[in-house]
There are 2 protein chains.
Amino acid sequence: MKFKGKEDPNIDESFDLIDEGLRKKATIVIFACCKVIYEGRAISQLDFGERIILIKPDGSFLIHQDKKVDPVNWQPPKSRSRVLIRNEKLFLESFRRTPREHLEVEIRKIHFLNYALIEDYQELEIAGYEKDLGDLIIDKPHLIEEGFKPTNREYSTEHGFIDILGNDKEGNLMVLELKSRKIGVNAVKQIRRYLSDFEDEKNSYLKDLGVEKKKIRGLLVAPKIDEDAKEMIEEEGIEFVSLEPPKELKRDKLVTLDSF
Amino acid sequence: MKFKGKEDPNIDESFDLIDEGLRKKATIVIFACCKVIYEGRAISQLDFGERIILIKPDGSFLIHQDKKVDPVNWQPPKSRSRVLIRNEKLFLESFRRTPREHLEVEIRKIHFLNYALIEDYQELEIAGYEKDLGDLIIDKPHLIEEGFKPTNREYSTEHGFIDILGNDKEGNLMVLELKSRKIGVNAVKQIRRYLSDFEDEKNSYLKDLGVEKKKIRGLLVAPKIDEDAKEMIEEEGIEFVSLEPPKELKRDKLVTLDSF
DNA sequence: ATTTCCATTTCGCTT
DNA sequence: AAGCGAAGTGGAAAT
């Protein structure tokens, strides 16, 4: 692995180092006073100020201020970056087609400039959201209720995808809507639309599934439900099952963190 | 402004520099081989690899891999960071209350470590999205059609907020749904729900607005509309007006960028 | 503090 | 390439 850095480079040194970094597909970090103009899906302008510029080998281009998680300006992966000197001033540019987007960074002064040839093939293992909740239910249907049998996942309807379809032990159709965090009013409206599809006689979903003249039960599954949503479902006979998405990684070597 | 940087610091130098940077509320950039564990809204683990760590004075804590715009792990502003040595290993930690979130970074090797005392008060000026489109229509209603008069903005209904309400020159009610980019099928469904509200006799919106026994016109306003949405609106008598959000900054000194 | 909705959302997955 | 939905969404404005 190769690292290279320079403090207070002059304009020519800056140009050479950045150019070298770009050609080598290095990850480049620059501490600089710069001004930024963006034109693309929107248009923006940011006057001179001290910022961090991060250029990644996949073409991503980020400019970070001293606040917030999100970059103030950026370009997505596969953008093409270049460095140039115009009127004795140093510029960075990043360009993207489809949609056409352009970022121009005028650099007044570079304080630090580093680049490194890194390749990070490690992938983040993450758990604890909707997909994991769905996996859990498919794996252990009894967590919903004794005798529950899932039949379809991501079942497509006119109004969107139903997270899980299944039957209870009496053969009634069950429509499950999952949320990893909290059931709100919108989730109730959503499942209500799915249910109205099925309740519509003209609709053929029931026949498709070989389920006729049975009840249709709507279930919302999430760790919590908010008060408004709770009132709504009580009026409409929709059920709620409290279930946490499993916060477990697949290769589970994770040690519980000490309290801070 | 104060900058400080070190190449290949040993563990004690690293600790001192980071600790100093944190105390001074500096912006810290670290090029390091590290392993990351997160526990909070979800839970995640990332094995050792070469990454960029960025700690901002507002408490934001970002870990970037060599790909993508988004950090692989992060903590939001107001998180509390600290550096520590445990079993002769260097760790960074970041903690947040409400919701409770914790990030632990084990550092195997630091290649570069920089910090800088920067304060960037420049704010991004941006234009070209939905709000600008709404401003434009309120300012120049004739862009929708001759005689159009907006009456309400962000008008609240059971199904959400209608972007703009108004009347045409015959006094018919007009329901406008704006998009800064492209009308898709979802936007049509949305305006359809608003319209069904108004068309329902039991509904009192019309009386509230003093508009009775008039037509109700649904308009989608955006730069473009996709093919599916176009077919839908033709069947349902919803109209489409093509309008670009104004891509103009308020203090407009912006020079058009040269082509790349 | 909580809710709601927009975003140059980004990102991953499916068609 | 385009569309769809989730996200540790983030962030701002309103309540």
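The legends below describe close-up views of a predicted model that holds two protein chains and two DNA strands.

**View 1. Chains A and B are related by a rotation.** Chain B is superposed on chain A by a rotation of 180° with 0.2 Å of shift along its axis, and the RMSD of this superposition is 0.5 Å. That is the relation of a two-fold axis. In chain B, the C-alpha nearest the axis belongs to B:Asp70, at 3.8 Å from it. Both copies use the same surface, given that 96% of the contact residues of chain B recur in chain A.

**View 2. DNA strand C is surrounded by residues of both chains.** There are 17 residues around DNA strand C, and those that come nearest are A:Arg41, A:Trp74, A:Glu101, B:Val69 and B:Tyr129. Of the atoms of DNA strand C that come within 4 Å of the protein, 78% are accounted for by sugar and phosphate. When the residues of this surface are sorted by class, nine are nonpolar, one is polar and seven are charged.

**View 3. Polar contacts to DNA strand C involve bases and a phosphate.** A polar side-chain atom of A:Arg41 lies 2.6 Å from a base oxygen of DNA strand C, and for A:Glu101 a polar side-chain atom likewise lies 2.6 Å from a base oxygen of this strand. From chain B, a backbone N or O atom of B:Glu130 lies 3.2 Å from a phosphate oxygen of DNA strand C.

**View 4. DNA strand D is also surrounded by residues of both chains.** Around DNA strand D there are 20 residues, of which A:Val69, A:Tyr129, B:Asn73, B:Trp74 and B:Glu101 are the closest. Sugar or phosphate makes up 75% of the atoms of DNA strand D within 4 Å of the protein, and the rest belong to bases. Strand S5 of chain B, which spans residues 73–75, gives the most to this surface, with three residues. By class, the surface near DNA strand D has eight nonpolar, four polar and eight charged residues.

**View 5. Polar contacts to DNA strand D come from backbone and side-chain atoms.** In chain A, a backbone N or O atom of A:Asp70 lies 3.1 Å from a phosphate oxygen of DNA strand D. In chain B, a polar side-chain atom of B:Arg41 lies 3.0 Å from a phosphate oxygen of the strand, while an N or O atom in the side chain of B:Gln75 is 3.0 Å from a base nitrogen of DNA strand D.

**View 6. B:Cys33 and B:Cys34 are not joined by a disulfide.** A disulfide is a covalent bond between the sulfur atoms of two cysteines. The cysteine sulfur closest to that of B:Cys33 is in B:Cys34, but it is 6.8 Å away and therefore too far for a bond, since a disulfide requires the sulfur atoms to be within 2.5 Å. For B:Cys34, in turn, the closest cysteine sulfur is that of B:Cys33, again at 6.8 Å. B:Cys33 counts as buried at 8% relative accessibility, and B:Cys34 is buried with a relative accessible area of 0%. Over all chains, the count of disulfides comes to zero.

**View 7. Helix H2 of chain B packs against several strands.** Within this helix, which covers residues 130–139, the residues B:Asp132, B:Leu133, B:Gly134, B:Leu136 and B:Ile137 are buried. The buried residues of H2(B) pack against five elements of chain B, namely strand S9 (125–127), strand S10 (149–157), strand S11 (160–167), strand S12 (173–178) and strand S14 (216–222).

Conventions. Residues are numbered from 1 along each chain as its sequence is written. Chains are lettered from A and ligands numbered from 1 in the order in which they are written. This is a predicted model: local features need pLDDT of at least 70, side-chain atom pairs count only at pLDDT 80 or more; totals for chains, interfaces and linings use all residues. Side-chain values use heavy atoms; hydrogens and water are left out. Copies are superposed by least squares on the C-alpha atoms of residues with pLDDT of at least 70 in both. Contact means heavy atoms within 4.5 Å. A residue is near a molecule or strand if one of its heavy atoms lies within 4 Å of it. A polar contact is a pair of N or O atoms within 3.5 Å; within protein, one must be able to donate a hydrogen and the other to accept it, and residues adjacent in sequence count only if both atoms are side-chain atoms. Ala, Val, Leu, Ile, Met, Phe, Trp, Tyr, Cys and Pro count as nonpolar, Asp, Glu, Lys and Arg as charged, and the others, Gly among them, as polar. Buried means under 20% relative accessible area, exposed over 50%, partly exposed in between (1.4 Å probe, protein chains only). Helices (H or I, at least four residues) and strands (E, at least two) are DSSP runs, numbered from the N terminus.
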